[in-house]
Amino acid sequence: RVFLLCQEPFVADEYIERLAWRTPGGGSRGGEAFDPKRLLEEFVNHIQELQVMDERIQRKVEKLEQQCQKEAKEFAKKVQELQKSNQVAFQHFQELDEHISYVATKVCHLGDQLEGVNTPRQRAVEAQKLMKYFNEFLDGELKSDVFTNSEKIKEAADIIQKLHLIAQELPFDSLMGFCCYPLSSPGKYHDLECQLIQEFTSAQRRGEISRMREVAAVLLHFKGYSHCVDVYIKQCQEGAFLRNDVFEDAAILCQRVNKQVGEIFSNPETVLAKLIQNIFEVKLQSYVKDQLEEHRKSDAEQYLKNLYDLYTRTTNLSSKLMEFNLGTDKQTFLSKLIKAIFISYLENYIEVEIGYLKSRSAMILQRYYDSKNHQKRSIGTGGIQDLKERLRQRTNLPLGPSIDTHGETFLSQEVVVNLLQETKQAFERCHRLSDPSDLPKNAFRIFSMLVEFLCTEHIDYALETGLAGIPSSDSKNANLYFLDVVHQANTIFHLFDKQFNDHLMPLISSSPKLSECLQKKKDIIEQMEVKLDMGIDTLNCMIGQMKHILAAEQRKTDFKPEDENNVLIQYTNACVKVCGYVRKQVEKIRNSMDGKNVDTVLMELGVRFHRLIYEHLQQYSYSCMGGMLAICDVAEYRKCAKDFKIALVLQLFDTLHALCNLLVVAPDNLKQVCSGEQLANLDKNILHSFVQLRVDYRSARLARHFS
């Protein structure tokens, strides 16, 4: 039961249930009947036991509380005693601290006094030793162990350095100075200096870093310290440049020395900077000279490639060396080293670049024209105003004598790609090799070369040749190759514009040359557009071809058949051929041009096409069935006009279709048709001219109704 009470968590309902379950007769268990009296008796007894247990536990709790209060009082008393002891100890500590401070002050004072006595004594001892060594030098016999033992070279060097300094301060004309002359002369001093440098060299070859550090520390006070650094730099480079890549070898060498030099010298940044300077002025300069001088006068292309490659690799090496500690202004230091190597080549770089680009571009063009067996002819060199004047004075005849180009456009994607590739490489070299102040100016000169050879000598020449090849409007079977020229010129100019934006703009974007380049580009575009506009004479040829088709295919009997009841065709053969020809030309124009130029040319062609059909229809007289056939032809022409996708052209053919209705409408309905929406605004003479084309026009009835 106590176990049940002590269970956690305690639940009264479960406790009563378990108690009843454990009592015989307290529940249905083992077939026993329920006995409430027995269960009540068990509950009463258990309550009494719980009361006894409660009293016992209560007494125990009171006893524990009393014990806890007693221990709390004892603990508080003990804490008070400890606080008093702590205060006493703190007072003793303060007294001890004051005493220690007093003693320390006395000791410091005593130490100062001892140092004041000991320092002169030590100096006197050192002076005595120096005098002893001085006597040995005067006697000419060095007997001391410090001079005879090679392992004590460091101590000997310190002694000789001091004696050398003393001897140099004494005037030579005095007796003492004369006696000390052997010490002030280079003899022994330099002998020892050479021994130290030799010891340093041997230690470096053995790889003994600690010994090298000791010797370098001794030599630091000697005049030959710089020679020690030179020896170290020279030996570092032995066997370091065995591969073909001198730049990679230099980077590896500097990386290795950078880790080592701080363990040897007291001024590692100076030593490393001197090593780098030696590499640049000796190894790299010699390598660059060998690579460039070989092609400088004989092969400009290879010379420029080598110059760009070597300068790039040198600057990349400089970027790697920037990671090392080379002093305060390492950027300026490395820049000066690079400039010293390349200054003689960079001074006239742009002249070599322009000369090479000019000769290379001319060769590419000439090779192309030679492959076509074409001899270039002179073209007009006038400016924009001259071209506009030529355009203003243009008639329906071709510009000058027509020449047969045999379908050749004289434009080559391969030539263009080669020219753009050469210019792209020139821009890259210009960006890398030009001085920042000269970069925009040099980039503009390269751009001018591109304009001269790509735009003027190639595209402009092809346009001029294409213009000269435009046949006259009355030529039969005329081949309109000028549109092919326009198509290719348009594609090429997009490539030119892309290079302008991708490679030239970054070089000139923040300089006054930007406006010059943009103006030059604008002039080029305007000049080409003027010449393309001059090529509008191609439309005359198209109209001439249409006239030829109509003249050859259209018969008078088409619109006035002999048998009105036996017409089996939907539209005439002339209409079919003209529409087929027009659709081909519209597609060709769309493929050859882009932007607003397409709409402009198609509008011009559409208007001329409408005028041609209008005048053509005016040449015939129409019977009733012939008028229906004319309406069918115009409907087909109108369907063809939809391919133009020009609202004005479609409107013109809609009106023409409405006019053709006058050829078949009943005489009584003529006035009603003429007042319709499409014909109401037309001049009455135009309406009259179409009505006159009817074969029944002379009948009194028709004339009366129309009047």
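**Exercise 1. A patch on the surface**

Find which residues form a nonpolar patch with Val107 on the surface, and say how much accessible area they have together.

*Solution.* Tyr102, Val103 and Val107 make up this nonpolar patch, and together they have about 290 Å² of accessible area. A patch takes residues with over 30% relative accessible area and no salt bridge, joining like charges within 9 Å and nonpolar side chains (Val, Leu, Ile, Met, Phe, Trp, Tyr) within 5 Å. The areas come from the Shrake-Rupley method with a 1.4 Å probe, and for residues only the protein chains shown count as cover. Next, place Val107: it belongs to helix α3 (residues 36–139). Helices here are DSSP runs (H or I, at least four residues), numbered from the N terminus.

Before you go on: this is a predicted model, so local features need pLDDT of at least 70 and side-chain atom pairs count only at pLDDT 80 or more, while totals for chains, interfaces and linings use all residues. Residues are numbered from 1 along each chain as its sequence is written, and side-chain values use heavy atoms, with hydrogens and water left out.

**Exercise 2. Check a helix length**

Work out whether the span of helix α10 (residues 225–236) agrees with its 12 residues.

*Solution.* Start with the rule: the expected span is 1.5 Å times one less than the number of residues. For the 12 residues of α10 that gives 16 Å, and the end C-alpha atoms are 17 Å apart, so the two agree. Now look at who is tucked away: the buried residues of α10 include Cys228, Val229, Tyr232 and Cys236. Buried means under 20% relative accessible area, exposed over 50%, and partly exposed in between (1.4 Å probe, protein chains only).

**Exercise 3. Follow the salt bridges**

Find the salt bridge partner of Lys274, then that of Arg313.

*Solution.* A salt bridge is a side-chain nitrogen of Lys or Arg within 4 Å of a carboxyl oxygen of Asp or Glu. The whole structure has 20 of them. Lys274 meets Asp230 at 2.9 Å, N to O. Because Lys274 sits in helix α12 (residues 268–293) and Asp230 in helix α10, the pair ties together parts 44 residues apart in sequence. Lys274 is partly exposed at 32% relative accessibility, and Asp230 is partly exposed at 33%.

Arg313 meets Asp245 at 2.5 Å, N to O. Asp245 is in the loop between α10 and α11 (246–261) and Arg313 is in helix α13, so this pair ties together parts 68 residues apart in sequence. Asp245 is partly exposed at 29% relative accessibility, and Arg313 is partly exposed at 23%.

**Exercise 4. Classify a ring pair**

Decide how the rings of Tyr311 and Phe342 are arranged: stacked, tilted or edge-to-face.

*Solution.* Rings of Phe, Tyr and Trp (its six-membered ring) pair if their centres lie within 6.5 Å; planes under 30 degrees apart count as stacked, over 60 as edge-to-face and the rest as tilted. That rule gives 14 aromatic pairs. For Tyr311 and Phe342, the centres are 5.1 Å apart with 75° between the planes, making the pair edge-to-face. Tyr311 is in helix α13 (residues 300–321) and Phe342 in helix α14 (residues 330–346), 31 residues apart. Tyr311 is buried at 15% relative accessible area, and Phe342 is buried at 0%.

**Exercise 5. An unusual phi**

Say where Asn373 lies and whether it is buried or exposed.

*Solution.* Most residues other than glycine have a negative phi. Asn373, though, has a positive phi near 55°. Asn373 is in the loop between α15 (349–371) and α16 (384–392). With a relative accessible area of 74%, Asn373 is exposed.

How values were computed. Helices (H or I, at least four residues) and strands (E, at least two) are DSSP runs, numbered from the N terminus.
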